[in-house]
Amino acid sequence: MFVSFLVVTTLLKAVLSLKLLDLYIPSVVRLASPVWLYCGYDLEGDDLYSVKWYKNHVEFYRYLPSDNPPGQKYDLVGVHVDLKCSNQTHVYLNQTDLNTDGLYGCEVSTEAPSYRTVQAEKKMKIYVLPKEKPAIMGLESMYKIGDEVNVTCVSNPSKPAAQLTWLLNGRPADPTFLTTYRPQRHLEGLESTVLGLKFIVTYNHLKRGVISLRCTATVSQEYYSKSSEIVIGGRIKTDTTDYIQEETRPKLTTGKKEYRVGDVVEVNCSSSRDKETVRLTWFVNDQEVKVWLKANHLYVIDYSPIIYKDDAVSSLIGLKFRLTHDHLLSEGLRIKCTATKSTILDTRNHNIIVGGVQRSSGFHVLASSGKGESQSSTRSFWNLVFCSLLFHLMFLRLAETNRH
């Protein structure tokens, strides 16, 4: 009878233990916005000893029921704790700045005799939107057929840096027209991105007598990035992160289980099912494949997304190369595929209309919004009609003069 009691007691203790139920840390927060942090837990009958909060592993708030007052804060750059609104489960930051960006963790501990502790952490990023639309520089007052258009688009400072896109007559510009420059760094970690556009004006570029140029600056924030990795000449391994669900990890497939120098390596990477596509990136020995393309003959294959019956999609990308001694390190060749999902925070456009039929066959530059683009195209059309009528009347007069 005594033995049975001990067994039951042990089982109850195993079942009834401290649990961390939820950790809410917003992944992205706009600069200067207040933030609520939440740490949900179940003591399972134990008494609470403490709740501690950390930023980058440095404590900034603790709650001890035995203290008076129970809540205490510790000065930390970028962490603005409001004690009146904070308690054993919530911490309120009444403002944020660029230093608020970091890794936040919650640690919960119980009293004797169990002395149990649970903890978890998540990243929070602070973003800053550009104050104005992107600037387009280098435009001439007039262009003719055969002239070179050489313009540059510069985004306003933001965090993270904006992604720039050139649209030519409403469609993405030919990649051969684009020139990428290094981002421009500003105070407090803000960045501006720069993207050039250069092409020769041809009749094919004209749409109703005009050329529409648009630069779009999109600020997006990655809210998860998950990787899977294989090692040729070693064991298969994958990265793990506690607060990212396992099914978000991309899947790697290879044609062979073993490779030798001289073999062609073919690897495919597919993302998990989602409502929208994610960005897949290859890394070989910790270097992004873009850097290796020319030197090591690596070929990235962009496949069309896989679309399922429920409209979910999976992104798909391939990697193909011939294995050489240069690829192999002492621990083997590491191939990693990273799936990154982002949320768009802000999009700003700047439109330029190159157009207007002139007697000199030149194309004037007119700054315009989307509405102005339509109006300019309409004016250009009627100008063309008007010029055609004048030419027709002149031809009739010449014919009548010749008859006389």
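**Entry 1: Cys39 and Cys106**

I began with the surroundings of Cys39 and Cys106 in this predicted model, and I noted that both of these cysteines are buried. I then looked up their sulfur atoms, which are 2.0 Å apart, and I recorded the pair as a disulfide because the cut-off is a separation within 2.5 Å. The torsion about the S-S bond of Cys39 and Cys106 is about -80 degrees, so I wrote this disulfide down as left-handed. Cys39 belongs to strand E3 (residues 35–42) and Cys106 to strand E8 (residues 102–110), so the pair ties together parts that are 67 residues apart in sequence.

**Entry 2: Cys153 and Cys215**

Next I checked Cys153 and Cys215, which are joined by a disulfide with an S to S distance of 1.8 Å. I read -85 degrees about the S-S bond, and the link of Cys153 and Cys215 is left-handed. As Cys153 sits in strand E12 (residues 148–154) and Cys215 in strand E19 (residues 210–232), I noted that this pair ties together parts that are 62 residues apart in sequence. Cys153 is buried, and Cys215 is buried too.

**Entry 3: Cys269 and Cys337**

I then turned to Cys269 and Cys337, where a disulfide has its sulfur atoms 2.0 Å apart. The value about the S-S bond is -80 degrees, and I entered the link of Cys269 and Cys337 as left-handed. Distant parts of the chain are linked here, since Cys269 is in strand E22 and Cys337 in strand E29 (residues 333–355), 68 residues apart. I found both Cys269 and Cys337 to be buried.

**Entry 4: Count and pairing**

How many disulfides does the count come to? I arrived at 3 disulfides, and when I numbered the bonded cysteines of the protein in sequence order, the pairing read 1-2, 3-4, 5-6. I also looked up Cys85, which has 33% relative accessibility and therefore counts as partly exposed.

**Entry 5: Strands around E28**

Having met strand E22 through Cys269, I asked which bridges join E22 to strand E28. I found 7 bridges between E22 (residues 264–270) and E28 (residues 316–322), and these strands run antiparallel. Within this pairing I noted that Val265 has Phe321 in E28 as its bridge partner. E28 is also joined to strand E25 (residues 299–302), by 4 bridges, and this pair of strands likewise runs antiparallel. Here I recorded Leu319 of E28 as the bridge partner of Val300.

Definitions and conventions:
Residues are numbered from 1 along each chain as its sequence is written. This is a predicted model: local features need pLDDT of at least 70, side-chain atom pairs count only at pLDDT 80 or more; totals for chains, interfaces and linings use all residues. Side-chain values use heavy atoms; hydrogens and water are left out. Two strands pair if DSSP finds at least two bridges between them. Helices (H or I, at least four residues) and strands (E, at least two) are DSSP runs, numbered from the N terminus. Buried means under 20% relative accessible area, exposed over 50%, partly exposed in between (1.4 Å probe, protein chains only).
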